[in-house]
There are 2 protein chains.
Amino acid sequence: MAHDHTLCPRFENAFNLLGKRWNGLIIRVLMNGPQRFKEISDLIPGMSDRMLAERFKELEAAGILIRRVYPETPVRIEYELTEKGHALEPIMDAVQTWAEKWVE
Amino acid sequence: MAHDHTLCPRFENAFNLLGKRWNGLIIRVLMNGPQRFKEISDLIPGMSDRMLAERFKELEAAGILIRRVYPETPVRIEYELTEKGHALEPIMDAVQTWAEKWVE
């Protein structure tokens, strides 16, 4: 069990991050490719822009996504999953499959 | 996105349950088969018996495990994953793989 113990906090942190309101949905949307703030905001109607900005910061701090600034006129800002973020896909799929079958 | 929206709370609930302290570890231990309270308690040293009892109740309420009472002398009580609980295995594996690779 020593191995499991060492892993436990990392494991729980991963679940906590993904279980936080909106994060799963934001990550799902970004799996399709980089998006601008407004595009994601439009795709998730129930979520306020302030909340989205907050989640972006947390997910960026966690290394799940990056914010890219393109120096155009007007400036273009896109949010994009990192490799670490894209690597979440099998987890998201597994949870979705489980939740569809087992959660009311 | 309508589909994702409907699923969102179920999805988040699943993550929240699994991200709760000790739950991942308790479920991992039970993947190996039914266990008695004392056996699980011994396998997870940092966790108090009161905490384990509380987690058992929550996981039982969530349909993840059942508590079986065998009318022997002395009475034998075992905790066992349900089918819903066992179905978590691909998720646990996926998160473990991801956390091992990506989480410091």
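How exposed or buried is Ala53(B)? With 33% relative accessibility, Ala53(B) counts as partly exposed, where buried means under 20% relative accessible area, exposed over 50%, and partly exposed in between (1.4 Å probe, protein chains only). The model is a predicted one, so local features need pLDDT of at least 70 and side-chain atom pairs count only at pLDDT 80 or more, while totals for chains, interfaces and linings use all residues. Residues are numbered from 1 along each chain as its sequence is written, chains are lettered from A in the order in which they are written, and side-chain values use heavy atoms, with hydrogens and water left out.

Ala53(B) sits in helix α4 (residues 49–61) of chain B; helices (H or I, at least four residues) and strands (E, at least two) are DSSP runs, numbered from the N terminus. Its C-alpha atom is 8.4 Å from that of Phe37(B), 16 residues apart along the chain. Helix α4 of chain B also holds Arg55(B), which counts as buried at 6% relative accessibility. Leaving out neighbours within four places in sequence, Arg55(B) is in contact (heavy atoms within 4.5 Å) with Lys20(B), Arg21(B), Asn23(B) and Ile26(B). Over in chain A, Arg55(A) is likewise in helix α4 (residues 49–61) and counts as buried at 6% relative accessibility. Residues up to four places away aside, Arg55(A) touches Lys20(A), Arg21(A), Asn23(A) and Ile26(A).

On to how the two chains go together. Chain A lands on chain B after a rotation of 180 degrees with 0.0 Å of shift along the axis, at an RMSD of 0.0 Å, the fit being by least squares on the C-alpha atoms of residues with pLDDT of at least 70 in both copies. The two copies are thus related as by a two-fold rotation axis. They meet through the same surface, because 100% of the interface residues of chain A are also interface residues in chain B.

In that interface, 42 residues of chain A are in contact with 43 residues of chain B. About 4000 Å² is buried between the chains, with carbon and sulfur atoms giving 72% of it; buried area here is the accessible area (1.4 Å probe) that two parts lose on being put together, summed over both. On the side of chain A that touches chain B, the elements giving two or more residues are α1 (2–19), α2 (23–31), α5 (83–86) and α6 (89–102). The largest share, 13 residues, comes from α1(A). That side divides into 25 nonpolar, six polar and eleven charged residues, with Ala, Val, Leu, Ile, Met, Phe, Trp, Tyr, Cys and Pro counted as nonpolar, Asp, Glu, Lys and Arg as charged, and the others, Gly among them, as polar.

Helix α2(A) is mostly covered, with nine of its nine residues buried. After α2(A) comes Gly33(A), with a positive phi near 125 degrees. Trp22(A), in the loop between α1 and α2 of chain A, has a positive phi near 80 degrees despite being a residue other than glycine, and is buried at a relative accessible area of 7%. Trp22(B) also has a positive phi, about 80 degrees, and is buried with a relative accessible area of 7%.

Finally, the cis peptides. One joins Thr73(A) and Pro74(A), with omega about -5 degrees, and Pro74(A) lies in the loop between β2 (65–70) and β3 (76–81) of chain A. In chain B, the bond from Thr73(B) to Pro74(B) is cis, with omega near 0 degrees.
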